[in-house]
Amino acid sequence: MYFTPSAWRGRCGKVQLLLCSRRIEATADLRWRRWCCTVCYVSRIRYLMRLKEDDEACRGALQSGSVLLYHKLAPLLRQTERGIYQLPLLQATDVKGILGKLGKDEELLNTSVLVGCSESEVAQFSLDVGSLEKAAVEEMCGGVFIDLRKAFFLLKGPDAPLVAKGQALIRWHQTHGYCSATGQPTERNQAGSQRVCLKTGATYYPQMAPVVIVLVSDGRRCLLARQSTFPPGMYSALAGFCDMGETTGEALRREVAEEVGLEVESLQYSGSQHWPFPQSSFMVACHATVSPDNAEINLSGAELEDARWFTREEIEESLKRKVPPRNLMGEPGEVWVPPSSAIANKLIREWANQQRKS
Ligand SMILES: NC(=O)c1ccc[n+]([C@@H]2O[C@H](COP(=O)([O-])OP(=O)(O)OC[C@H]3O[C@@H](n4cnc5c(N)ncnc54)[C@H](O)[C@@H]3O)[C@@H](O)[C@H]2O)c1
Ligand SMILES: [Mg+2]
């Protein structure tokens with residue numbers, strides 16, 4: 001969307017005034033609209049950059065910003081009358097009110113971390129209120145704190161990555177209070193985008209582990225596998241953590257060889273995703289092909305419980321199954337694949353679409 005009312009209340013100053021005056025006549029002009037969108041995007045990014053660099057500006061932004069709440073890393077969700085889960089963005093003043101009512105110091109608000117900003121450049125923060133009584137906060141906010149493993153899949157659209165990012169940043173701060181070289185305390189900046197060792201000045205940044213995820217095809221079928229820890233019946237694309245010094249292609253070739261004993265011939269990049277489980281990973285997703293003449297699966301034994309080739313028809317059936325199916329005895333039922341918020345789902349859909357076309 002290019003011209004939401006909120007976008008015109010932003011901080012683009014003169015540029016936005018100019019855009020505003022030409023808004024109506026420009027609506028038919030796609031190139032103009034694209035340009036406007038780019039200007040607003042750049043303005044938002046520059047604003048966020050400033051908040052990361054300038055503690056004073058960030059503290060100011062927090063006072064008029066919106067806040068996502070977590071309780072011991074579980075995000076607060078609210079359910080609409082139609083049963084849809086949403087992420088309530090509270091105003092900083094609301095959070096201060098809650099802290100006041102529960103007899104807590106407003107200073108807790110300053111432990112929020114910056115996670116983004118709205119189209120109208122209202123800064124968005126995440127705050128863990130794990131020191132407050134959970135039920136009391138839930139009642140005051142009209143929501144429920146739900147474990148991220150569940151919440152992530154209940155949320156739709158940009159809410160899911162936003163809630164994952166907020167949790168990942170909070171978790172990183174909770175576990176990086178000390179310098180790993182000196183053992184001395186580290187101090188965060190106001191945005192929460194870095195921590196500095198108080199003894200040496202060494203700077204630490206939030207970390208993610210790079211992971212490759214790959215959908216292997218032999219041209220006619222695709223390969224899905226499952227670990228014993230997956231829910232019954234769920235199969236996914238092969239995935240693995242990158243080793244130090246590896247390229248994406250090298251990591252992907254190694255993982256496929258390690259896990260199913262196949263040699264990848266070609267690969268194609270598909271997309272990427274931040275994945276919060278079990279901790280922050282940066283997933284790089286690719287399609288890969290193996291020769292149909294060398295497609296015999298040889299499991300390494302340690303990690304995977306099963307790996308199988310699936311036809312397009314089987315994949316399309318599995319994509320239709322929304323809920324993990326079980327038979328009457330409660331045993332694992334038919335095969336199903338990860339939901340749309342997982343990049344594995346995108347890979348599988350892309351493959352099925354490609355097969356349908358060819
Ligand atoms: N988003 C998706 O669609 C999707 C789908 C499948 C898997 N995943 C994620 O991919 C990740 C990697 O998959 P995997 O478990 O098959 O990896 P893997 O095949 O590399 O095996 C995991 C093992 O790798 C080792 N390891 C090496 N570096 C590690 C690190 N930085 N953190 C943790 N363990 C490390 C550990 O011994 C661990 O037991 C998992 O976190 C999983 O949640 C995401
Ligand atoms: Mg693996």
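This report walks through the overall layout of a predicted model, then two of its helices and the surroundings of its ligand.

## Overall layout

Let's start with the whole chain. The protein has 358 residues, and 30% of them count as buried. Its secondary structure comes to 11 helices and 16 strands. Among contacts with a separation of 6 or more, 65% join residues that are 24 or more positions apart.

The domain assignment splits the protein into four parts: domain 1 covers 5-52, domain 2 covers 59-167, domain 3 covers 176-206 and domain 4 covers 209-357. Between domain 2 and domain 3, the C-alpha centres are 25 Å apart.

## Helix α4

Helix α4 spans residues 55-63, and its buried residues are Cys58, Ala61 and Leu62. Looking down the axis of α4, you would find these buried residues within an arc of 105°, so they line one face of the helix. A general rule helps here: an α-helix has 3.6 residues a turn, so residues three or four places apart point the same way.

What does α4 carry on the face turned away from its buried side? There you will find the exposed residues Glu56 and Gln63.

## Helix α11

Helix α11 takes in residues 343-357, which makes 15 residues. From first C-alpha to last it reaches 21 Å, close to the 21 Å expected at 1.5 Å a residue. The buried residues in α11 are Ile343, Ala344, Leu347, Ile348 and Trp351. They cover an arc of only 150° around the axis, which puts them on the same side of α11. Asn353, Arg356 and Lys357, on the other side of α11, are exposed.

Which elements do the buried residues of α11 pack against? Their partners are the strands β11 (209-217), β12 (222-226), β14 (266-275) and β15 (281-289), together with helix α10 (312-320).

## Around ligand 1

Helix α11 turns up again at the ligand. Ligand 1 is surrounded by 18 residues, and the closest are Ala239, Gly240, Phe241, Ala342 and Ala344. One of these, Ala344, is also among the buried residues of α11.

At least two residues of the shell come from each of β11, β13 (238-241), β14, β15 and α11. Three of those strands, β11, β14 and β15, are also packing partners for the buried residues of α11. As for chemistry, the shell around ligand 1 holds 13 nonpolar residues, four polar ones and one charged one.

Definitions and conventions. Residues are numbered from 1 along each chain as its sequence is written. Chains are lettered from A and ligands numbered from 1 in the order in which they are written. This is a predicted model: local features need pLDDT of at least 70, side-chain atom pairs count only at pLDDT 80 or more; totals for chains, interfaces and linings use all residues. A residue is buried if 20 or more other C-beta atoms lie within 10 Å of its own, exposed if 12 or fewer, and partly exposed in between; C-beta atoms are placed from the backbone. Helices (H or I, at least four residues) and strands (E, at least two) are DSSP runs, numbered from the N terminus. The arc is that of the directions from the helix axis to the C-beta atoms. The expected span of a helix is 1.5 Å times one less than its number of residues. Two residues are in contact if their C-beta atoms, placed from the backbone, lie within 7 Å. A residue is near a molecule or strand if its C-beta atom, placed from the backbone, lies within 6 Å of it. Ala, Val, Leu, Ile, Met, Phe, Trp, Tyr, Cys and Pro count as nonpolar, Asp, Glu, Lys and Arg as charged, and the others, Gly among them, as polar. Domain bounds come from an automatic or database domain assignment.
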